[in-house]
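Could you walk me through this structure, one question at a time? I am new to it and would like each answer explained.

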Amino acid sequence: MFTSKTIDKFNGLDTPFYYYDLEVLKNTLSACRDASAKHGFHVHYAMKANFNPKVIDTIQTYGFGADCVSGGEVKAAIEHGFDKGKVVFAGVGKSDREINLALDADIFCFNVESIQELFIIDGLAKAKNKKAGVAIRINPNVDAHTHHFITTGLDENKFGINTWQLPDVAAALRKCDNLQFLGIHFHIGSQITDLEVYKNLCTRINEMQDWFEDRGFPIKVLNTGGGLGVDYYNPDNNVADFEAYFQVFKNFLNVKPGQEVHFELGRALVAQSASLISRVLYVKNGQKKNFLILDAGMTELIRPMLYQAYHQIENLSRKQEAEKSEGLKYDVVGPICESTDCFQKDVSLPESFRGDLIAVRTAGAYGEVMASGYNLRDRVGSVYSE
Ligand SMILES: Cc1ncc(COP(=O)(O)O)c(C=O)c1O
Ligand SMILES: N[C@@H](CCCC[NH3+])C(=O)O
């Protein structure tokens, strides 16, 4: 990702910024497209992972649909050329304004997360004399074996409709003339690295589709959600194993003739394509600790502070020294007025100096999009490979 030419280019730029390696992005997208096409599976890109305009423009050209979680994302997906027939809209709190926007855009499907929401969408569609495509987001109570904060498919989570409420869902669907029932939707969490989890999900999806079909609701779409994880410990040349992922669904999902299988991948498509690039502002030798104080912090990349997430940290200005010496240990921290503003403690790095360029890797997913202006910070910039 970082040739000496790239690092020379960084030397002339203001930091911090996100650096996008479009080659890595494209290789990842091709791998996913090819692996899913083999089984006739449909992939919707989860826009929330990264809606940087250049990133979504690139993703759109691969023919993926868009999975959106707000009116803003629906609007951006359509403006950036995603086919409205491949736009889906999930979210536990869709406002009337957002539902109307999506109805006006004629999106493919609302992934509905409560019975109340079914009636609201039906009423708003009726007012426009339209039929809204809907899938029921079911909370399957399947443990994703990931960080507690990014698990979404357990009974304790706010997402989806619990299975004990399904009889009421069926009754509601029978009353809603302006809804077209398309199928069922699931999303159990993010950064899932144990593929067994998806096997368990398939078992639940098979049960649920039988439940609906037995009651006279034919299923056209089985939407399995996203969540495929990436290897944060090996950021180089590390495209997610899409083949193995899709194979689990091929083996364990009971797909009937005429049904479509949909996926909503976010992180696995974009995470490895970007790094946060910053500079060392100060090196502070404390009594117990050495601190590297960067010009980027939790306002640029909040994942380490929010989920104790690991991101590999490299000193790009001392690459040769890194190969030769054992180096020193630093707590790599940001400038924000919060003690949690620490990327990682005890990072082994070559001896580092003011002005050195530091890369925080695997930052393409839930990085730039979760940046904030806290402490009245400038908005983080973005730089792209040629
Ligand atoms: C409904 C839904 N679909 C898809 C995703 C994408 O998840 P990931 O980036 O882990 O693939 C998310 C985010 O977790 C989500 O909430
Ligand atoms: N923002 C989370 C993922 C949550 C995905 C949305 N449900 C992360 O950075 O890992």
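Here is a short conversation about the strands, the helices, the ligands and a few single residues.

Me: What kind of model is this, and how are residues, chains and ligands labelled?
Reply: Residues are numbered from 1 along each chain as its sequence is written, while chains are lettered from A and ligands numbered from 1 in the order in which they are written. Local features need pLDDT of at least 70, side-chain atom pairs count only at pLDDT 80 or more, and totals for chains, interfaces and linings use all residues, since this is a predicted model.

Me: How many residues of strand β6 are buried?
Reply: Helices (H or I, at least four residues) and strands (E, at least two) are DSSP runs, numbered from the N terminus. A residue is buried if 20 or more other C-beta atoms lie within 10 Å of its own, exposed if 12 or fewer, and partly exposed in between, with C-beta atoms placed from the backbone. On one side of β6, A132, V134, I136 and I138 are buried, and on the other G133, A135, R137 and N139 are buried too. For β6, residues 132-139, the count is eight of eight.

Me: Why do the residues on the two sides of a strand come in turn along the chain?
Reply: Side chains in a regular strand switch from face to face of the sheet, so the pattern is to alternate.

Me: Which strand is joined to β6 by six bridges?
Reply: Two strands pair if DSSP finds at least two bridges between them. β6 pairs with β5 (residues 109-112) in the parallel sense over three bridges, and with β7 (residues 161-162), also parallel, over two. A132 of β6 stands opposite L179. The parallel partner with six bridges is β8, residues 179-185.

Me: Which helix belongs to the β-α-β unit with β5 and β6?
Reply: The unit is right-handed, meaning that, with the strands pointing away from the viewer, the path from the first strand over the helix to the second runs clockwise. The bridge partner of N111 in β6 is A135. The helix of the unit, residues 115-127, is α6.

Me: Is V112 buried or exposed?
Reply: V112 is found in strand β5. Its C-alpha is 5.5 Å from that of R137, although the two are 25 residues apart in sequence. Because 31 other C-beta atoms lie within 10 Å, V112 is buried.

Me: Why are the buried residues of helix α3 on the same side?
Reply: In α3 (residues 53-60), the buried residues are V55, I56 and I59. The arc is that of the directions from the helix axis to the C-beta atoms. These residues lie on the same side of α3 because the arc they cover is only 90°.

Me: Which residues of α3 are exposed on the other side?
Reply: The side in question is opposite the one with V55, I56 and I59. The exposed residues there are P53 and D57.

Me: How many charged residues are in the shell around ligand 2?
Reply: A residue is near a molecule if its C-beta atom, placed from the backbone, lies within 6 Å of it. Ligand 2 is surrounded by K48, I150, T152, S190, Q191, R303, Y307 and Y366. Ala, Val, Leu, Ile, Met, Phe, Trp, Tyr, Cys and Pro count as nonpolar, Asp, Glu, Lys and Arg as charged, and the others, Gly among them, as polar. The shell has three nonpolar and three polar residues, and the charged ones number two.

Me: Which elements give two or more residues to the shell around ligand 1?
Reply: Ligand 1 is surrounded by 17 residues, the closest being A46, S190, G226, G266 and R267. The elements are β10 (260-265) and α10 (267-270).

Me: How many residues link β11 to β12 in the hairpin?
Reply: β11 (residues 274-285) and β12 (residues 290-294) run antiparallel, joined by five bridges. K284 stands opposite F291 in β12. The number of residues in the hairpin connection is four.

Me: Which peptide bond is cis?
Reply: Most peptide bonds are trans. P16 is found in the loop between α1 (4-11) and β1 (17-20). With omega near -5°, the cis bond runs from T15 to P16.

Me: Is Q308 buried or exposed?
Reply: Q308 is in the loop between α11 (303-307) and β13 (313-315), and its phi is positive, near 50°. Because Q308 has 11 C-beta neighbours inside 10 Å, it counts as exposed.
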